[in-house]
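Subject: Structure for your review

Dear colleague,

Please find below the structure that I am handing over to you. I would be grateful if you would look through it before reading my notes.

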Amino acid sequence: MHKSQGSEYPVVVMPVLTQHYMLLQRNLLYTGITRGKKLVVLVGTNKAVAIAIKNNKPQKRYTLLKERLLAT
């Protein structure tokens, strides 16, 4: 999803499954849906879509970016 930000595609097929609960976030769902120009297909469950829509909390990411930049 992140690689597609700023791009559009004719068709987007997006899996939305409860098994991927860490990725069920409103901003990721929005990004996926808005990439499709003509057709967007969500493959999964209504429950997973509902979880993603309700999850508007930003996820804390531990990338160690600061430490990596200081090491160079």
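The notes below describe what was found, beginning with the overall fold and ending with single residues.

Please keep in mind that this is a predicted model.

Overall fold

The protein chain contains 3 helices and 2 strands. Following the sequence from its start, one meets these elements in the pattern β-α-β-α-α. The radius of gyration is 15 Å, whereas the globule rule gives 11 Å for 72 residues; the value is well over that figure, so the chain is more spread out than a compact globule. The C-alpha trace spans about 45 × 25 × 20 Å along its principal axes. Of the 72 residues, 21% are buried.

The two strands and the crossover

How do E1 and E2 run, and how many bridges join them? The two strands run parallel, and 7 bridges join them. Between E1 and E2 the chain passes through H1, and this β-α-β crossover is right-handed. As an example of the pairing, Val13 has Val41 as its bridge partner in E2.

The nonpolar patch

Val13 and Val41 also belong to a nonpolar patch on the surface, together with Val11, Leu39 and Val43. The accessible area of these residues comes to about 390 Å² together. Two elements give two or more residues each to the patch, namely strand E1, which covers 9–16, and strand E2, which covers 36–44. The largest share, 3 residues, comes from E2. When you inspect these strands, a general point may help: in a regular strand the side chains alternate between the two faces of the sheet.

One member of the patch, Leu39, lies in strand E2. Why does Leu39 count as partly exposed? Its relative accessibility is 44%, and partly exposed residues lie between the buried limit of under 20% and the exposed limit of over 50%; Leu39 is therefore placed in the middle class.

A residue in the connecting helix

Asn27 is located in helix H1, which comprises residues 26–35. Because its relative accessibility is 45%, Asn27 also counts as partly exposed. Asn27 and Asn55 are 28 residues apart along the chain, and their C-alpha atoms are separated by 8.7 Å.

I suggest that you begin with the parallel pair of E1 and E2, and then turn to the nonpolar patch on the surface.

Yours sincerely,
A colleague

Methods: Residues are numbered from 1 along each chain as its sequence is written. This is a predicted model: local features need pLDDT of at least 70, side-chain atom pairs count only at pLDDT 80 or more; totals for chains, interfaces and linings use all residues. Side-chain values use heavy atoms; hydrogens and water are left out. Patches are made of residues with over 30% relative accessible area and no salt bridge: like charges are joined within 9 Å, nonpolar side chains (Val, Leu, Ile, Met, Phe, Trp, Tyr) within 5 Å. Accessible areas come from the Shrake-Rupley method with a 1.4 Å probe; for residues, only the protein chains shown count as cover. A salt bridge is a side-chain nitrogen of Lys or Arg within 4 Å of a carboxyl oxygen of Asp or Glu. Helices (H or I, at least four residues) and strands (E, at least two) are DSSP runs, numbered from the N terminus. Buried means under 20% relative accessible area, exposed over 50%, partly exposed in between (1.4 Å probe, protein chains only). Two strands pair if DSSP finds at least two bridges between them. A crossover is right-handed if, with the strands pointing away from the viewer, the path from the first strand over the helix to the second runs clockwise. The radius of gyration is taken over C-alpha atoms; the globule rule is 2.2 Å times the number of residues to the power 0.38.
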